[in-house]
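Here are a few exercises to work through with the model open beside you. Try each task before you read its solution.

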Amino acid sequence: MPKLTITRTVITTREVIRFYPSDEVNFGWCAVCRKEVFPLTLEQTAEALKVEVAEVYIRLAAGEIHLLDQSGGSLRICSAFLTTEP
Ligand SMILES: [Zn+2]
């Protein structure tokens, strides 16, 4: 009977996503992380997660990502998930 050899190759990659604000940024307070964080728009969050905007709402509802406490203005999301190491 012929001998079977199986070779397994694992490739690990790491992607760095940087967002550069065009204007002065007002950092937002995340009540869950208890720190000031860079505020992301819905679209930036979707891009970072590589999902559709609708999925961002689902993850917000599930508590996987956090909504920032900001008075007025549009929806901003906590960017702490970007710095979480696996
Ligand atoms: Zn947070």
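**Exercise 1.** Work out why helix α2 lies largely in the open.

*Solution.* Start with the span: α2 covers residues 53-62. Helices here are DSSP runs of H or I with at least four residues, strands are runs of E with at least two, and both are numbered from the N terminus. Next, check burial: a residue is buried if 20 or more other C-beta atoms lie within 10 Å of its own, exposed if 12 or fewer, and partly exposed in between, with C-beta atoms placed from the backbone. Of the 10 residues in α2, the number buried is 1, so the helix sits largely in the open. Just after α2 comes G63, with a positive phi near 80°.

By the way, this is a predicted model, where local features need pLDDT of at least 70, side-chain atom pairs count only at pLDDT 80 or more, and totals for chains, interfaces and linings use all residues. Residues are numbered from 1 along each chain as its sequence is written.

**Exercise 2.** Find the order of the elements along the chain.

*Solution.* First count them: there are 2 helices and 4 strands. Then read from the N terminus, and you get β-β-β-α-α-β.

**Exercise 3.** Say which element has the lowest mean pLDDT and which the highest.

*Solution.* pLDDT is the predictor's confidence in each residue, from 0 to 100. For the chain, the mean is 84, and 87% of residues reach 70 or more. Among the elements, strand β1 (residues 28-30) is lowest at a mean of 89, while α2 is highest at 95.
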